[in-house]
Amino acid sequence: MKKLISLALALSMALTMAACGNTGKQPSNSGTPNTGSQTTSGSGSQDTSGSGSQTPAFVPERDITLVNPYEAGGTSDIPSRIYADFISQNMGGRLMNVNCIGGAGGAVGAQEVMNSNPDGYTILVAPAGYAMNYAKGGLDWTYENFEPVCLYVTSVLAVAVRSDSPYQTYQDLVEGVKANPGKVNMGISTGGLPQFSVYAMEAHDDMKFNTVDIGGTSVKATELLAGRVDVMIDSLGGMQSYVESGDFRLLAVFADSRHPAYPDVPTMLEIGFTEDETSVMSQVFGIWAPKGTPAEAIDYIAGQFEAAANDAETVEKLNAQCYTASFMDTEDYLGYLEAMYASFSDFAKTYIG
Amino acid sequence: MSNFLEAMGSVISPEVLALIFVGTFVGIIFGAIPGLNTPIAVALLLPFSYKLGTIPAMALLLGVYMGGISGGLVSAILLRIPGTAAAIATTFDGYPMCKKGLGAEALAIGTFGSFIGGTFSAIVLAFLASPLTKIAIQFGPWDYFGLMIFALSLVSALVGKNVLKGYISMFIGLFISCIGLSSLDGLTKRFTLGMYQLEGGVSMVILIIGIYAVPEILSAAGKLREDVTTAHFEKKRFYVPGKENRGPKYWPLMLQSSIIGTFIGIMPGLGSSTGAMLSYTAAQKTSKNKEAFGTGCAEGVYASEVANNAVTGGALIPMLSLGIPGDSVTAIIMAALILQGISVGPLLFTQHPSLVYVIVLVTFFANLAMFIIQSLGIPLFARIVQVPRYYLLPLIVMCCSIGCISVNNRLFDFYVIIILGILGYALENNKYPLPPLLLGYILGSDIELYLRRSLMYYGSFGNCMKMVSPGTFLVIAAVLVTVAALVMKNADLMDKLLRKKAKG
């Protein structure tokens with residue numbers, strides 16, 4: 001019987017551990033955050049400067065859950081964890097936990113956050129891909145169904161070929177594709193940002209790739225390593241180790257300026273693309289909260305991310321993975337989202353019809 | 001060599017060894033509880049690992065990984081509820097063994113098998129990582145499709161006596177795998193009935209609990225007053241399989257299962273559940289006593305447990321040599337390394353040679369720890385079946401519920417479990433075998449994904465079939481296996497049909 005008890009103890013230990021890891025996510029019925037009676041639900045404009053002085057500031061009473069709508073270890077997970085690690089040290093003993101709810105190209109995690117308590121304890125990592133999928137008709141909600149909090153990290157997409165590829169420059173690639181329309185295999189993850197980049201590239205030079213899906217996980221590099229695709233578009237962070245090892249060669253980066261780590265690789269703007277064309281090619285991650293989240297909570301979270309984006313160690317960790325800590329406050333981010341959604345839908349109308 | 005010694009020195013420290021034991025222990029617990037699984041355990045411990053150094057972090061996470069994959073066998077054997085997806089195939093023979101009163105023996109066999117499989121793959125990881133990765137990446141989507149279709153054709157090993165019911169069960173599994181957004185493009189919502197929660201599909205944990213655990217609990221609840229199954233076990237401190245269950249006659253099977261498991265592990269994107277399932281069906285096909293499978297034979301337990309732990313070392317191979325995770329757990333372990341500031345990629349071997357050895361050594365020690373902890377724990381585990389069911393069942397229900405909440409933290413999954421439970425109960429009581437359903441479910445979405453990718457790459461199915469590649473041969477083999485199995489198993493059915501036709 002003693003042994004049975006010890007087993008039961010072991011089980012309960014494990015369960016408590018499991019429960020601890022998730023406490024932030026469980027919708028609380030008992031604990032009401034001390035954000036006062038004032039609600040700002042529905043107010044689209046974020047007049048955040050005034051609210052701070054009148055209402056008590058938001059102090060987290062529980063852990064905050066940052067929902068990453070993709071699988072653990074992916075492109076959106078790593079910068080989120082780097083941020084969450086720093087923020088957890090500054091929340092008065094409370095933590096920011098990253099919870100990965102993957103599935104359906106990020107739609108499941110977003111829906112979960114959309115339907116969770118708007119109390120500031122559940123927030124979402126929102127990639128630019130949501131704007132793209134909305135423009136394509138794959139989603140029926142936008143940032144307007146949430147309370148956007150801030151933009152916190154950007155990453156750079158790049159075009160890469162194998163180092164033994166005949167394409168030395170982006171122009172070589174264009175000529176190669178024009179000479180063999182529909183024959184050059186272009187690897188992208190379907191539903192991701194690179195899909196629009198390919199449309200833009202095809203439209204700009206009037207050429208046609210054979211676009212193939214190489215998946216959204218870190219497995220995709222195998223396809224170019226093995227030569228089953230001739231060229232691929234992915235985040236620079238996902239490809240840098242192969243560039244360093246000499247397996248891949250970069251032809252272009254999708255950024256406003258050359259990347260400090262790769263000063264020899266031209267940007268798409270230098271190659272001759274207009275800003276309109278490249279506007280749909282930058283990977284940005286923002287934070288969204290459920291509609292109706294109090295402004296104090298939004299301010300608090302935005303402030304935490306701003307502090308993290310200014311922390312030298314966090315910046316260094318991000319840079320090592322080819323991410324850029326670019327913070328944008330709630331107001332600027334709203335404007336940015338508006339413009340981004342507009343350019344994606346213009347783009348979809350022009351190129352996909 | 002100096003790298004190896006350096007790695008040995010850093011692994012054999014009290015802190016690292018203790019973390020390996022702690023990690024393995026936590027992994028076994030998470031593995032043994034239905035619904036909690038290895039990815040959840042690793043993801044939960046990931047934040048803790050930031051604070052540790054790189055080597056202690058690897059010790060902890062790899063311990064959880066090895067322990068978790070093996071721990072699933074406990075509930076699979078004793079309760080017929082696989083603790084993790086990796087242990088699904090262990091239930092096929094493990095539970096019948098337990099029913100015969102050989103529960104402790106089955107646990108010992110499973111534990112020993114896990115140790116053999118894990119150690120085999122750790123050795124492969126140590127010596128053959130680079131060359132095997134070079135081979136593995138040559139397999140493209142068409143070859144994956146061929147492999148998956150071939151694995152599906154092996155369902156004939158699982159369908160049992162009633163072929164028709166077996167195949168119906170398999171198609172139900174394939175159907176369940178279709179629920180959610182269409183794979184690859186995510187543009188079509190399939191069978192979601194307007195519920196967004198179904199857009200991500202039915203997750204494997206939910207399916208296992210629903211199809212396996214709930215019907216088992218329901219049927220056990222109907223027999224509360226009957227005698228409890230008593231596991232016969234001798235009082236021993238340390239359990240190893242009995243002499244009749246570990247002789248040289250099992251060596252070929254262990255080798256075969258180790259190779260299958262390691263191979264599946266190396267292939268990026270395929271996990272331990274596929275490895276164990278494939279190994280089990282292959283073992284049944286190649287065994288001399290095919291009939292014994294499914295009735296509680298040691299071979300069946302070995303086939304599943306050797307292979308699922310062999311996957312672990314295999315899955316680390318592409319991660320270490322190319323920065324490509326072999327399965328979902330290694331993806332998180334890779335993230336842990338990245339968060340430690342180590343860039344995982346093709347240069348890992350040159351930039352951090354001793355780290356690679358550390359990982360190999362930790363893998364080896366974690367397998368040893370798993371073997372010791374589980375072998376010592378067998379008398380404890382085996383007591384589970386001696387607990388009166390009216391105490392045990394509520395506990396299992398509670399564990400399963402917590403498990404299912406931990407998947408997505410939402411109540412919706414409960415309803416899915418109840419519906420799947422009713423389905424599972426109806427199927428069980430009408431003698432539809434469940435293993436084909438699980439095989440269909442595990443392979444279904446991969447089959448579709450890789451077929452659609454192949455079509456994108458090569459244009460048409462005809463073009464794919466014209467290629468001289470392993471994929472093409474496997475597709476042909478799959479057709480042959482299926483036809484042969486149907487003809488053989490249906491000899492009398494065919495007879496009857498022919499006679500009817502002749503009469504008519």
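**A friendly note on a two-chain predicted model**

1. Let us start with how much of chain B is hidden: 62% of its 504 residues count as buried. Please keep in mind while reading that this is a predicted model. The predictor gives the complex an ipTM of 0.81 and a pTM of 0.82. For chain B, the mean pLDDT is 86, with 94% of the residues at 70 or more. A word of caution for any weaker stretch: where pLDDT is low, the predicted coordinates should not be read in detail.

2. Next, the overall build of chain B. Chain B has 20 helices and 2 strands. Its radius of gyration is 22 Å, close to the 23 Å given by the globule rule for 504 residues, so chain B is as compact as a globular protein of that length. Taken along the principal axes, the box filled by its C-alpha atoms is roughly 80 × 60 × 50 Å. Among contacts in chain B between residues at least 6 apart in sequence, 79% join residues at least 24 apart. The surface that chain B exposes is about 19500 Å², and carbon and sulfur atoms supply 68% of this area.

3. Chain A deserves the same introduction. Chain A contains 14 helices and 11 strands. Of its 353 residues, 56% count as buried. For contacts in chain A with a separation of 6 or more, residues 24 or more positions apart account for 79%. Its accessible surface comes to about 13700 Å², and 51% of that belongs to carbon and sulfur atoms.

4. What fills the interior? In soluble globular proteins, nonpolar side chains tend to be buried together. Here the largest nonpolar core has 105 residues, and the members that touch the most others are B:Leu78, B:Ile88 and B:Leu207. Helix α5 of chain B (residues 88–136) gives the most to this core, with 12 residues. Apart from the largest core lies another, of 93 residues, among them A:Leu66, A:Met91, B:Ile69 and B:Leu320.

5. B:Leu207 is a good place to zoom in. Which residues is B:Leu207 in contact with, leaving aside its neighbours within four places in sequence? They are B:Ile176, B:Val202, B:Tyr212, B:Leu420, B:Leu437, B:Leu438 and B:Tyr441.

6. In chain A, have a look at helix α4, residues 107–114. This helix is mostly covered, with 7 of its 8 residues buried. The buried ones are A:Ala107, A:Val108, A:Gly109, A:Ala110, A:Gln111, A:Glu112 and A:Val113. What do they pack against? Their partners, in chain A, are the strands β1 (64–68), β3 (122–127), β4 (146–155) and β10 (283–290), together with helix α5 (129–135).

7. How many disulfides are there over all chains? The count comes to 0. Take B:Cys178: the closest cysteine sulfur, in B:Cys464, is 20 Å from its own, which is too far for a bond because a disulfide needs the two sulfurs within 2.5 Å. B:Cys178 is partly exposed, at 26% relative accessible area. B:Cys297 is in no disulfide either, and the nearest cysteine sulfur, that of B:Cys98, is 15 Å away. B:Cys297 is buried, with a relative accessible area of 10%.

8. Two backbone details may catch your eye. Most residues other than glycine have a negative phi, and most peptide bonds are trans. B:Phe191, although not a glycine, has a positive phi of about 50°. B:Phe191 is found in the loop of chain B between β2 (189–190) and α8 (204–221), and is partly exposed at 45% relative accessible area. B:Lys431 also has a positive phi, near 65°, in a residue other than glycine. Its place is in the loop between α16 (412–429) and α17 (435–458) of chain B. Is B:Lys431 buried or exposed? B:Lys431 is exposed, with a relative accessible area of 68%.

9. One last residue to find on your screen is B:Lys466, in helix α18 (residues 461–466) of chain B. B:Lys466 counts as exposed because its relative accessibility is 66%, and exposed means over 50%. From B:Lys466 to B:Thr330 the distance is 35 Å in space, C-alpha to C-alpha, and the two are 136 residues apart in sequence.

Methods
Residues numbered from 1 in each chain as written. Chains lettered and ligands numbered in written order. Heavy atoms only, no water. pLDDT = per-residue confidence, 0-100. Buried < 20%, exposed > 50% of the residue type's maximum accessible area, 1.4 Å probe, protein only. Helix = DSSP H or I, 4+ residues; strand = E, 2+ residues; numbered from the N terminus. Rg over C-alpha atoms; globule rule 2.2 N^0.38 Å. Contact = heavy atoms within 4.5 Å. Areas by Shrake-Rupley, 256 points an atom, 1.4 Å probe, with all protein chains shown as cover. Core = buried A, V, L, I, M, F, W, Y, C linked by side-chain atoms within 4.5 Å.
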